[in-house]
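Trainee: Could we go through this model together? I should like to begin with the overall picture and then turn to details.

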Amino acid sequence: MAFAMDLLRKMNYYGFTELAIAYVLVFVLVYYYVFVTSGSKKKDKKEEIHDHELQQIKECINSSSLNQTASADDNNPEIIIVGAGVAGSALAYALGKDGRRVVVIERDLSEPDRIVGELLQPGGYLKLIELGLEDCVKEIDAQRVYGYALFKDGKSTKIEYPLNKYKSDVSGRSFHNGRFIQRMRQKAATLPNVRLQQGTVTSLVEENGTVKGIRYKKTKEDKEITLRAPLTVVCDGCCSNLRRSLCTSKVDVPSCFVALILKKCKLPYPNHGHVILAEPSPILLYPISTFETRCLVDIPGGQKVPSISNGEMTRYLKTVVVPQLPTELQDPFMAAIEDIKNIKIATNRSMPAVPSSTPGAVLLGDAFNMRHPLTGGGMTVALSDIVVLRKLLRPLDSFEDAASLNKYLDSFYTLRKPVASTINTLAGALYKVFSSTTDDEARNELRQACFDYLSLGGIFSYGPVSLLSGLNPNPFTLILHFFAVAIYGVGRLLLPVPSLNRSYLGFRLISDASKIIFPIIKAEGMKQVLLPVSIDSIL
């Protein structure tokens, strides 16, 4: 009996009791939201997943209309890919390895200079291996990343990726985005059936509501060239000029990044990403080469971005940002902002995935789905989407029947959900939790609870970081941990002696948590998030 009581006390100390209560509460909340709140509304057929629908996906693979020998001449492409970024280059190589005839049209084939897309999570690296592209992180001075370090109010905690069951090569990777993309382009170009062409795509070729190809110019002075193929994949990035032709999803701008490169900066935790929970929003740091560290200062969307040219930005960085940095990072940061040419600004965009209903075309990458880059999950989502799309296309001999192919590819939007919705939801929720709201005491309590919860270690950090890393794409686990953080925050408010004011604050904390996560889940698709289906379960 004494042993049992002692074990119970230890479990309670490490938070297992609070976690169990959180799970019960989450179950009730989710049940209410899904089956009570949504039950009175007309169901969206595209979000319903039934066994007979999955059976139709299997049967469609053997459909005669999609398994006839392609009638196109060998010199004509089967697939046109618009954009040769991470998504376009990876897809070109993956489909090229499967024997498809692929043409990639890219506006500029020179090395890009981007300040995001520089951190690949371990889950994304596993997808890179699955696609046969893991050597693209070699010979570019990529740095291994083994986890994160969080900083708040002078305290810090380290969170490791759960990599024990993987080979020693598996970890996160951080690098110069342009170097990584060039390696992927080079890899794709080695295949004889893949052609990369520089040019600007001006429009899609549509006939009777079906995309038949593209129009593009090699240079501004050249005449338009029409290129036709049974399938066109648009993955021309966050500023896609073709997106509006294929979907109506609204692009949100939650914040901007002010980006710098710190030279010869020794991070407090080597080979880790660093997240500083600063005011008014997070500051990120991670190595991108042996002697370079990327620093991203987030400025919320509702706040005016200081001007670089008139010195406002330099003053802002010196007076607001520097005092919130760990002491050992302040001198390298000050040195980095001395040269204003080193300061760059990037707009962060967020856009839920909306299925394309246009036969003959598919959206992919940031042209299709974006989330706040706080968690570095964009490339993981894109690579995972490519793995799913390649598996769906692999059994098909022909893409000529556009209507049948379009119906078949409807399953893509369901099968991508486990990975995509987990990372999208986590990115949106964490950004809102990590951003300070000076006039919202409940939101700031939630922020503190998140830091303290992750600092507990064990299952409290293992679960969230396995989600963030893309190693455990389970949306329901995300919801459980998110509300476990909220319940932990309430416990901090009510113990040791609750008061009326603190009880009300705890209620507001739970309410804020619900208002953060449920709209994100709704945008991702409630049924598909809570009832995910993996592609391996049907193929």
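**Overview of the chain**

Mentor: The chain has 17 helices and 18 strands. Please keep in mind that this is a predicted model.

Trainee: What share of the residues is buried?

Mentor: Of the 539 residues in the chain, 54% are buried.

Trainee: And how much area does the chain expose?

Mentor: The exposed area is about 24,200 Å², and carbon and sulfur atoms supply 53% of it.

Trainee: What percentage of the contacts with a separation of 6 or more comes from residues 24 or more positions apart?

Mentor: Such residues account for 74% of those contacts.

Trainee: Let us change topic to cavities. How many of 30 Å³ or more are there?

Mentor: The count comes to five cavities of that size. The largest cavity has a volume of about 310 Å³.

Trainee: Which residues are closest to the centre of the largest one?

Mentor: It is lined by 22 residues, and those closest to its centre are L426, L430, F434, L454 and P464. Two or more lining residues come from each of β5 (147-152), α12 (417-434), α13 (441-455), α14 (459-468) and α15 (475-494).

Trainee: Which element gives the most to that lining?

Mentor: That is α14, with five residues.

Trainee: What is the lining of the largest cavity like: how many residues are nonpolar, polar or charged?

Mentor: The lining of the largest cavity has 19 nonpolar residues, three polar ones and no charged ones.

Trainee: Now to α6. How far does this helix reach?

Mentor: Helix α6 covers residues 177-189, which is 13 residues, and reaches 18 Å from its first C-alpha to its last. That is close to the 18 Å expected at 1.5 Å a residue.

Trainee: Which of its residues are buried?

Mentor: In α6 the buried residues are N177, G178, F180, I181, Q182, M184, R185, K187 and A188.

Trainee: And what do they pack against?

Mentor: The buried residues of α6 pack against the helices α4 (86-97), α5 (122-130) and α10 (378-393), and against the strands β2 (102-106) and β8 (194-198).

Trainee: One last residue: where is K218?

Mentor: K218 lies in the loop between β10 (210-217) and β11 (225-228).

Trainee: Why is K218 called partly exposed?

Mentor: Because its relative accessible area is 42%, and the partly exposed class lies between 20% and 50%.

Trainee: What is K218 in contact with, leaving aside its neighbours within four places in sequence?

Mentor: K218 is in contact with Q197, Q198, G199 and I225. In addition, K218 and R107 are 8.5 Å apart, C-alpha to C-alpha, although 111 residues separate them in sequence.

Note on methods: Residues numbered from 1 in each chain as written. Predicted model: local features only at pLDDT ≥ 70, side-chain atom pairs only at ≥ 80, totals over all residues. Heavy atoms only, no water. Helix = DSSP H or I, 4+ residues; strand = E, 2+ residues; numbered from the N terminus. Expected span 1.5 Å × (residues − 1). Buried < 20%, exposed > 50% of the residue type's maximum accessible area, 1.4 Å probe, protein only. Contact = heavy atoms within 4.5 Å. 1 Å grid on protein atoms, 1.4 Å probe; cavity = no way out; pocket = protein on both sides within 12 Å on 5 of 7 lines; lining within 4 Å. Points joined across faces, edges and corners; volume = space filled by probe spheres on them. Nonpolar A, V, L, I, M, F, W, Y, C, P; charged D, E, K, R; others polar. Areas by Shrake-Rupley, 256 points an atom, 1.4 Å probe, with all protein chains shown as cover.
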